[in-house]
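Dear colleague,

Please find below the sequence and structure that I am handing over to you. My findings come after them.

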Amino acid sequence: MSGQSMADTWMAKHFITDLYATYRQFFCLSVLPLPISCFMVLFMLQEYGELSVKDICARLFLTRQQMTPILRKLVTDGYAKKGPSLSDRRCIMVELTEAGRTAVQEYWEDLCQRFAEHKKKEVHSFGFSRG
């Protein structure tokens, strides 16, 4: 994280806050197969590929203590797998499984659908119609 500027750090923190607000707004009433914290890790792995636990923690502003139960759940449920780095056996690497990729895709499609529905309701609430 040493290469990140203050602006990048600020933007990342606000992204996480916005993501959580989006979760609260769109998913509180639906049943998700995983907690939002697990989906945040899945999205991170989808975006960047295999990452070390240290990198995931740094990118999501989580401690290793916070990450432990998240990774345990993802690995136990078959969404991710972890193992030692080939270059440094002390470093634990995490990557998505096929089930993890499927979960990300389904979650993303559902999120897009909910945004589209929300946008349509918002437009109608202002008395606008699509023409």
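The notes below cover the nonpolar core, one helix pair and one strand residue.

This is a predicted model, in which local features need pLDDT of at least 70 and side-chain atom pairs count only at pLDDT 80 or more, while totals for chains, interfaces and linings use all residues. Residues are numbered from 1 along each chain as its sequence is written, and side-chain values use heavy atoms, without hydrogens and water.

The largest nonpolar core (buried Ala, Val, Leu, Ile, Met, Phe, Trp, Tyr and Cys residues joined through side-chain atoms within 4.5 Å) has 27 residues, of which Val41, Leu42, Ile56, Met67 and Leu74 touch the most other members. Helix H2 (36-48) is among the elements that give two or more residues to this core, and H2 gives the most, with eight. Helices here are DSSP runs of H or I with at least four residues, and strands are runs of E with at least two, numbered from the N terminus.

Ile56 is in contact (heavy atoms within 4.5 Å) with Val41, Leu45, Leu51, Met67 and Val94, leaving aside neighbours within four places in sequence.

Val94 is found in strand S3 and is buried (under 20% relative accessible area, 1.4 Å probe, protein chains only), with a value of 0%. Val94 lies 5.7 Å from Lys81, C-alpha to C-alpha, although the two are 13 residues apart in sequence.

The contact of H3 with H4 comprises Val53, Lys54, Ile56 and Cys57 of H3 and Arg64, Met67 and Leu71 of H4.

Kind regards

Definitions and conventions:
Buried < 20%, exposed > 50% of the residue type's maximum accessible area, 1.4 Å probe, protein only.
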